[in-house]
Amino acid sequence: MFPLFRIFLLGVSLTALTSACTAAETPPNVLLLLGDDQAWGDFGFMGHPEIRTPHLDALAAQGAVFSRSYVPSSLCRPSLATLITGRYPHQHKISGNDPPKGTPREAMLQHIQREPTIPKLLAKRGYVSLQTGKWWEGAPALGGFTEAMTHGDPARGGRHGDVGLRIGRETLQPVYDFIDGHKDQPFFVWYAPMMPHTPHNPPERLLAKYRGADKPITVARYHAMCEWFDETIGELLAYLDRKQLSDNTLVVFVTDNGWIQDTQKQVYAPRSKRSPYEGGIRSPIILRWPGRIPPGKYDTLASSIDLAPTILAAAGAEVPAELPGLNLLPIIQAGGKSPRNQLFGEVFDHDVAEIDRPAASLLYRWTIQDQWKLILPTAAGARPELYDLSADPTEDHDLAAAQPERVRKLTADIDQWWNARE
């Protein structure tokens with residue numbers, strides 16, 4: 001759909017990678033920090049008035065922040081699969097968390113096995129890789145990881161991380177041991193600690209900061225979880241400093257999807273997780289690589305679909321030509337100027353309807369072009385929704401009826417990107 005974008009980026013990418021990013025000579029380590037169920041504004045560096053995230057704030061100050069960035073899908077398994085593959089859910093076919101009733105979970109693992117994932121491609125550059133925390137795709141070796149916390153065996157309770165979910169809440173030692181055991185090799189670490197995801201059980205020392213007579217305890221617990229997650233990131237970054245690894249480590253931060261805390265129960269509120277609204281799909285992206293990535297904050301549209309080509313390019317690894325995302329490094333070098341002004345995404349049901357046909361589970365497709373956002377529901381009788389995010393960031397005023405021509409144009413763009421009826 002965007003051949004000129006590709007030509008532009010190829011030229012800029014070659015310049016950026018030969019001048020600012022000498023990845024081919026000194027491949028950087030990569031630490032991927034994955035938040036889980038946290039709203040896009042629930043960070044100090046994004047302006048939250050109460051939640052304390054000093055370590056992520058410092059990371060943001062030291063790196064490039066894409067404050068207007070998104071994940072294509074607002075459910076954890078397809079979102080994480082997009083991160084590791086660099087492809088949309090309808091392309092990698094990992095669309096929901098659980099298989100159709102009566103279908104063994106192992107039947108869903110065929111898709112990750114055939115994907116050229118980040119760890120598989122980095123291995124060709126001599127990288128070792130560690131999986132920790134959230135992981136839905138069976139044994140992490142299927143995704144190319146050379147080492148892992150998770151076993152992924154459904155017969156032993158494997159579903160979305162099993163014993164690997166101890167990371168963050170209970171220990172960080174597996175990450176330390178992995179780094180210490182590979183001092184002479186570039187490494188890739190997948191840190192996905194299922195935080196601030198439920199259960200919201202923060203230490204009392206943190207919860208005490210957020211308790212208040214006018215604040216529901218459910219909200220206080222969630223806020224404290226956000227700070228607890230930030231603490232673990234601070235410990236990891238401090239470890240890199242102690243080991244003198246920070247200067248040659250690309251640190252990447254993003255969340256898998258958003259979350260708005262219900263004030264009465266320990267569940268998410270509407271228009272957040274599993275929805276196509278900002279509370280579900282928007283997430284800031286941070287990239288820190290000292291001396292290679294200049295600090296800055298950009299309102300350029302970006303997506304988690306961009307992280308695979310960015311990481312692979314930084315490492316001097318093969319970037320598959322069919323990846324739909326953009327390498328963010330030349331965009332940063334250009335001061336945030338991007339040839340792209342439009343993003344796309346899709347939201348599916350929690351359970352997979354048909355393992356090989358994502359369209360069977362499709363709930364929404366969406367696009368954002370400049371400030372305009374169009375949501376196309378699949379439910380019978382449901383109508384498109386159009387929002388002007390610059391004037392209405394909370395999506396309170398649907399303008400679809402007032403702007404039918406814009407709806408038609410953006411609908412055509414979505415169909416050109418992925419016509420789910422085909």
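Which residue meets the side chain of arginine 211 in a salt bridge? The partner is glutamate 204, with an N to O distance of 3.2 Å. This is a predicted model. A search of the whole structure finds 24 salt bridges. Three of the topics below are buried sites, and the others are charged pairs and helix α11.

**Salt bridge Arg211–Glu204**

- Arginine 211 has a relative accessible area of 46%, so it is partly exposed.
- Glutamate 204 also counts as partly exposed, because its relative accessibility is 45%.
- In general, side chains of opposite charge can pair when their charged atoms come close.

**Salt bridge Arg274–Asp349**

- Arginine 274 and aspartate 349 form a salt bridge, with 3.1 Å between the closest N and O atoms.
- This pair links distant parts of the chain, 75 residues apart.
- Arginine 274 sits in the loop between β7 (249-255) and α10. Aspartate 349 sits in the loop between β11 (342-348) and β12 (362-369).
- Arginine 274 is partly exposed, at 26% relative accessibility.
- Aspartate 349 is partly exposed, at 34%.

**Salt bridge Glu395–Lys373 and its network**

- Glutamate 395 forms a salt bridge with lysine 373, and their closest N and O atoms are 2.8 Å apart.
- The two residues are 22 apart along the chain, and the pair links distant parts of it.
- Glutamate 395 lies in the loop between β14 (385-388) and α13 (404-417). Lysine 373 belongs to strand β13 (residues 372-377).
- Both glutamate 395 and lysine 373 are buried.
- A network of salt bridges links Glu278, Arg282, Lys373 and Glu395.

**Isoleucine 281**

- Isoleucine 281 lies in helix α10 (residues 278-281).
- Its relative accessibility is 0%, so isoleucine 281 counts as buried.
- Beyond its neighbours within four places in sequence, isoleucine 281 is in contact with Ser69, Tyr70, Val71, Ser74, Ser275, Pro276, Trp366 and Lys373.
- Lysine 373, one of these contacts, is also the salt-bridge partner of glutamate 395.
- Serine 69, another of the contacts, is 212 residues away along the chain. The C-alpha atoms of isoleucine 281 and serine 69 are separated by 8.6 Å.

**Histidine 92**

- Histidine 92 is in helix α4 (residues 89-92).
- Histidine 92 is buried, because its relative accessible area is 0%.
- A polar atom of the histidine 92 side chain lies 3.4 Å from the backbone oxygen of arginine 87.
- Arginine 87 is also among the contacts of histidine 92 outside its neighbours within four places in sequence. The others are Pro78, Ala81, Thr82, Thr85, His111 and Glu115.

**Helix α11 and the residues after it**

- Helix α11 is largely enclosed by the rest of the structure, because 8 of its 8 residues are buried.
- The buried residues are Leu307, Ala308, Pro309, Thr310, Ile311, Leu312, Ala313 and Ala314.
- Alanine 315 is placed in the loop between α11 (307-314) and α12 (328-333).
- Alanine 315 is buried too, with a relative accessible area of 0%.
- Alanine 315 and arginine 125 are 190 residues apart in sequence, yet their C-alpha atoms are 7.7 Å apart in space.
- Glycine 316, just after α11, takes a positive phi of about 70°.

Notes
Residues are numbered from 1 along each chain as its sequence is written. This is a predicted model: local features need pLDDT of at least 70, side-chain atom pairs count only at pLDDT 80 or more; totals for chains, interfaces and linings use all residues. Side-chain values use heavy atoms; hydrogens and water are left out. Helices (H or I, at least four residues) and strands (E, at least two) are DSSP runs, numbered from the N terminus. Buried means under 20% relative accessible area, exposed over 50%, partly exposed in between (1.4 Å probe, protein chains only). A polar contact is a pair of N or O atoms within 3.5 Å; within protein, one must be able to donate a hydrogen and the other to accept it, and residues adjacent in sequence count only if both atoms are side-chain atoms. Contact means heavy atoms within 4.5 Å. A salt bridge is a side-chain nitrogen of Lys or Arg within 4 Å of a carboxyl oxygen of Asp or Glu.
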